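Please open the model in your viewer and keep the sequence panel beside it. The tour below suggests one selection after another and says what is to be found at each.

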Amino acid sequence: MKLGDIDLTDPHVFERGVPHDYFAFLRNEHPVSWTPNPKGGGFWSVVRYKDITEVEANTEVFSNRTNITPGEVPEETLAATVDRMIILSDPPRHGSLRKLIMSGFTPKAISLIEEHIRQLAVDSIDAVIEDGACDFHDLAAHMPIEVVADLLGVPTEDRQKLFNWANAMFGGGDPRISSLGGMEIARMEMFQYAMQLAHQRRAQPTADVFSQIAMAEENGEQLSEFDLGCFFLILATAGNETTRTQILHATKLLIENPEAMQALREDLSLLPNAIEEMLRITSPALGFARKATQDYEIGGQTIKAGERVMLWYCSGSRDEEVFEHPDLFDIRRKNARDHMAFGSKTGIHRCLGAMLARSELMAILKEIVTRLPDIQLDGEVERLRSNFTNGINHMPVRFTPGKPNRAQKIAFYAANADKRYAHA
Ligand code: HEM
């Protein structure tokens with residue numbers, strides 16, 4: 001294998017599967033390497049655990065006020081949201097935005113919605129259990145979008161729209177989900193909706209995180225409706241596709257590793273560590289980028305001011321210097337929790353919703369392990385064409401039918417109900 005054999009800027013590569021063998025080669029031979037984009041531009045790929053940790057800790061040099069995806073997004077497109085959307089901000093603005101929203105994600109805040117999350121998990125299984133088969137994508141999509149919609153106080157009648165927008169925004173490189181134009185339209189529509197909702201919540205606050213942010217003050221002043229729109233967008237997208245992806249991969253891992261499924265069924269106390277190991281193996285968010293604000297030496301290379309650096313979390317989580325037999329799925333792995341699926345422990349942008357995501361994963365996997373113990377793949381798994389999200393579009397499964405727990409059955413949101421985004 002040699003440098004450049006695999007084009008990490010090409011989403012088609014990842015559609016076939018995350019190129020873990022190539023990342024292993026890079027970790028050993030080229031820990032920091034320039035990855036040119038054949039269409040112009042490019043980024044430095046940082047693939048070792050310790051180097052990712054170093055970059056993440058150094059916020060003076062490495063800025064988030066840039067395109068944080070591996071794609072080539074023009075800086076002008078981002079200009080309006082830089083320093084206003086939390087993920088596109090640097091200190092001190094970042095600290096102040098994070099403070100505004102933190103209270104919605106504390107252990108206490110999560111514990112208050114845990115029962116609701118458990119109920120959503122029960123409902124998700126109830127919806128399919130009598131049929132003995134389903135597209136697991138639709139099942140996995142239900143809970144994350146409901147939880148996010150609850151946090152944002154989105155009324156029931158608008159939730160399909162929220163689902164469509166969030167999908168279109170993440171599927172922007174996959175023509176089966178949305179075109180790049182469709183992604184932009186979805187982003188604008190969601191933004192407009194968010195600003196209207198912010199206006200309503202200011203007038204009549206409700207008991208949700210979005211109302212809380214709408215009423216909060218930064219340096220004695222309330223946020224603008226535009227800033228509230230930015231919060232809406234990041235929460236609606238960050239908490240949706242990632243968690244859905246992880247539910248899908250976690251279930252696939254259990255299907256492919258029946259001994260792990262059996263062990264969990266016999267002892268559910270293994271589940272929290274198994275979830276960390278599933279996150280390590282999967283890495284739903286494959287990586288995030290930063291921009292160097294000054295020249296910096298790392299891994300034997302000089303990164304020049306203005307160049308972008310892609311932190312491949314999917315590679316850091318399989319670094320053989322940190323994880324023994326990194327490609328092995330071991331639900332009893334001692335240091336599984338050291339994974340980078342939520343970013344680096346040294347990073348200020350480390351996932352704000354990590355605890356919430358863990359709670360959702362606990363609830364749904366408990367249901368799957370206990371109620372769908374013989375779940376099997378029942379057709380081809382279609383992966384998302386993306387080098388940003390390790391997504392799955394379809395995952396047909398079958399299992400022995402069972403009885404629902406509740407009398408009232410829910411219907412899942414229709415995936416890609418709005419084809420406009422695919423054709424725009
Ligand atoms: C399995 C599910 C999830 C995964 C794998 C995940 C992963 C990540 C990653 C990798 C980052 C960036 C870290 C960095 O660059 O340092 C991030 C940031 C973030 N995540 Fe998550 N996430 C998940 C679920 C959620 C949920 C459920 C929410 C909330 C509803 C959420 C909200 C956020 C926010 C607000 C940020 C930006 C934080 C900041 O800029 O300070 N995430 N997430």
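## A loop with two proline residues

Begin by selecting Pro92, which is found in the loop between helix H4 (75–79) and helix H5 (93–102). Bear in mind from the outset that this is a predicted model. Show the backbone atoms of Pro91 as well, because the next point concerns the link between the two residues, and is a cis peptide bond with omega at about 0°. Pro91 and Pro92 are the residues joined by this cis bond.

Stay in the same loop and select Asp83, whose place is also between H4 and H5. Phi of Asp83 is near 65°, a positive value in a residue other than glycine. Is Asp83 buried, exposed or partly exposed? Asp83 has 16 other C-beta atoms within 10 Å, and Asp83 is therefore partly exposed.

## The five-stranded sheet

Next, colour the strands of the open sheet of 5 strands, which has the order E1-E2-E10-E7-E3 and mixed pairing. The edge strands are E1 and strand E3 (62–63), each of which pairs on one side only.

Now select strand E7 (residues 287–292), which pairs with E10 in the antiparallel sense over 5 bridges. Along this pairing, Gly287 stands opposite Trp312 in E10, and the bridge partner of Phe288 in E10 is Leu311. Turn to the other neighbour of E7 in the order, where 2 bridges join E3 to E7 and the two strands run antiparallel; here the bridge partner of Phe62 is Ala292 in E7.

How many of the residues of E7 are buried? The strand is mostly covered, with 6 of its 6 residues buried. If you display the side chains, you will find that Gly287, Ala289 and Lys291 point one way from E7, whereas Phe288, Arg290 and Ala292 point the other way, and all are buried.

## Two helices beside the sheet

Select helix H3 (residues 49–57), which lies across E1, E2, E3, E7 and E10 and runs at about 130° to E10.

Then move to helix H2 (residues 20–29), in which Phe23, Leu26 and Arg27 are buried. These residues cover an arc of only 100° around the axis, which puts them on the same side of H2. An α-helix has 3.6 residues a turn, so residues three or four places apart point the same way. Rotate to the face of H2 turned away from its buried side, and you will see that this face carries the exposed residues Asn28 and Glu29. Rotate back to follow the packing of the buried residues of H2, which are set against strand E1 (32–36), strand E2 (42–46), strand E10 (308–312) and helix H15 (313–316).

## Around the ligand

Select the ligand and expand the selection to the shell around it, which holds 28 residues, the closest being Gly239, Thr242, Gly343, Cys351 and Gly353. The elements that give two or more residues to this shell are helix H7 (136–152), helix H11 (225–238), helix H12 (241–256) and helix H16 (354–371). Colouring the shell by residue class will show 17 nonpolar, 8 polar and 3 charged residues.

## A three-stranded sheet

For a second sheet, select the 3 strands that form an open, antiparallel sheet in the order E4-E14-E11. Its edge strands are strand E4 (133–135) and strand E11 (376–377), each pairing on one side only. Between E11 and strand E14 (residues 396–398), which run antiparallel, there are 2 bridges, and Leu377 stands opposite Val397 in E14.

## Two exposed loop residues

Which residue lies in the loop between strand E5 (217–218) and strand E6 (221–222) and is worth selecting next? This is Asn219, which has a positive phi of about 50° although it is not a glycine. Asn219 counts as exposed because 5 C-beta neighbours lie inside 10 Å, and a residue with 12 or fewer is classed in that way.

Finish with Arg332, whose place is in the loop between H15 and H16. Arg332 has 11 other C-beta atoms within 10 Å and is therefore exposed. As a last step, draw a distance from its C-alpha atom to that of Asn273: the two residues are 59 residues apart along the chain, and their C-alpha atoms are separated by 6.6 Å.

Definitions and conventions
Residues are numbered from 1 along each chain as its sequence is written. This is a predicted model: local features need pLDDT of at least 70, side-chain atom pairs count only at pLDDT 80 or more; totals for chains, interfaces and linings use all residues. A residue is buried if 20 or more other C-beta atoms lie within 10 Å of its own, exposed if 12 or fewer, and partly exposed in between; C-beta atoms are placed from the backbone. Helices (H or I, at least four residues) and strands (E, at least two) are DSSP runs, numbered from the N terminus. The arc is that of the directions from the helix axis to the C-beta atoms. Two residues are in contact if their C-beta atoms, placed from the backbone, lie within 7 Å. Two strands pair if DSSP finds at least two bridges between them. Axes are lines fitted to C-alpha atoms, for helices over the stretch in contact, and angles run from 0 to 180 degrees between N-to-C directions. A residue is near a molecule or strand if its C-beta atom, placed from the backbone, lies within 6 Å of it. Ala, Val, Leu, Ile, Met, Phe, Trp, Tyr, Cys and Pro count as nonpolar, Asp, Glu, Lys and Arg as charged, and the others, Gly among them, as polar.
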